[in-house]
Amino acid sequence: AEKQSLVDEVNRIRNLKDETSRDGPIYNECSGLSQIVWPAKDSDIISKFWNSDKIVNIAKRLLGAGNVILLHDQIIVRRPNSQGLFPWHQDYWHWNFVDSCNALTIWLPLTNIDRESGQLEVIPLKPNRDWMDRWTVWQIPKSFSEYADQVEIPDCETGSTIVMHSLLKHSRGRNQSSSESVVILGHFIPSMARYTPSVVPT
């Protein structure tokens, strides 16, 4: 029931913020990928989900924090047979206005994610090395060859909960299926984390 409620609410938000609206998602017609940022601000259901004891306790336990806050959340949609992909990257280097990489992403597929629809791939953490590598989506990592044989594919069936450290190297391929792919995710940080003043998110 909770999952269906979340799916229904995500669909409502998507209809509310269509690609033609001024406050609609980031959308790339060529890649067939749309990204709605901060749906929790427009939805009590999504906000309550992220702030539920179940989700908050997962984040607190894994971050070793007394309390956590939701940095931001997103809905990511990939159109059927689209070219959009997420190259290998680490989340932290895309929002490193936070003073610590002790952060995580809780990633929930609302449709089945398999190889045809753009499988999630990860490389197990090596904390000291992961901090040095600094992979971003803007460049092919020179060090990838060192990790190619370590790639793992987590189970991403509908209703799964995937938790990723902010330094975890991960990627997703193209959606080559005949169905759209929908994921909702939330980024969590310890409540004591601090922002770089010039780039505090709004």
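Start with helix H3, which spans residues 53-63. In this predicted model, the buried residues of H3 are Ile-55, Val-56, Ile-58, Ala-59 and Leu-63. Around the helix axis they take up an arc of only 155 degrees, so they sit on the same side of H3. That fits a general rule: an α-helix has 3.6 residues a turn, so residues three or four places apart point the same way. Look at the face turned away from that buried side and you'll find the exposed residues Asp-53 and Arg-61.

What do the buried residues of H3 pack against? Their partners are helix H2 (44-50) along with four strands: E3 (68-78), E5, E7 (162-165) and E9 (181-190). Just after the helix comes Gly-64, and its phi is positive, near 65 degrees.

Now zoom out to the chain as a whole. The protein chain has five helices and nine strands, and along the sequence they run α-β-β-α-α-β-β-β-α-β-α-β-β-β. There are 202 residues, of which 48% count as buried. If you take the contacts with a separation of 6 or more, 83% of them come from residues 24 or more positions apart.

Strand E3, one of the partners of H3's buried residues, is worth a stop of its own. Leu-70 is in E3. With a relative accessible area of 17%, Leu-70 falls under the 20% cut-off, so it counts as buried. Leaving out residues up to four places away in sequence, Leu-70 touches Trp-38, Ala-40, Trp-50, Gly-186, His-187 and Phe-188. Measure C-alpha to C-alpha in your viewer and Leu-70 is 9.4 Å from Ser-47, with the two 23 residues apart in sequence.

One of those neighbours of Leu-70, Trp-38, has a backbone quirk. Most residues other than glycine have a negative phi. Trp-38 is not a glycine, yet its phi is positive, about 60 degrees. You'll find Trp-38 in the loop between strand E2 (33-37) and H2. Asn-81 is another non-glycine with a positive phi, in this case about 50 degrees. Asn-81 lies in the loop between E3 and strand E4 (86-89). Is Asn-81 buried or exposed? Its relative accessible area is 54%, which is over the 50% cut-off, so Asn-81 counts as exposed.

H3 also turns up in the second largest pocket, which has a volume of about 170 Å³. The lining is made of Glu-2, Lys-3, Leu-6, Phe-49, Lys-54, Ile-55, Ile-58, Leu-108, Pro-109, Leu-110, Gly-159 and Thr-161. Helix H1 (2-16), H3 and strand E5 (104-109) are the elements that give two or more residues to that lining. Two of the names should ring a bell: Ile-55 and Ile-58 belong to the lining and are also among the buried residues of H3. By character, the lining residues divide into seven nonpolar, two polar and three charged.

Last, the cysteines. How many disulfides does a search of the whole structure find? The count is zero. Cys-101 is buried, with a relative accessible area of 18%, and Cys-156 is buried too, at 2%.

Note on methods. Residues numbered from 1 in each chain as written. Predicted model: local features only at pLDDT ≥ 70, side-chain atom pairs only at ≥ 80, totals over all residues. Heavy atoms only, no water. 1 Å grid on protein atoms, 1.4 Å probe; cavity = no way out; pocket = protein on both sides within 12 Å on 5 of 7 lines; lining within 4 Å. Points joined across faces, edges and corners; volume = space filled by probe spheres on them. Nonpolar A, V, L, I, M, F, W, Y, C, P; charged D, E, K, R; others polar. Disulfide = S-S within 2.5 Å. Buried < 20%, exposed > 50% of the residue type's maximum accessible area, 1.4 Å probe, protein only. Arc of directions from axis to C-beta. Contact = heavy atoms within 4.5 Å.
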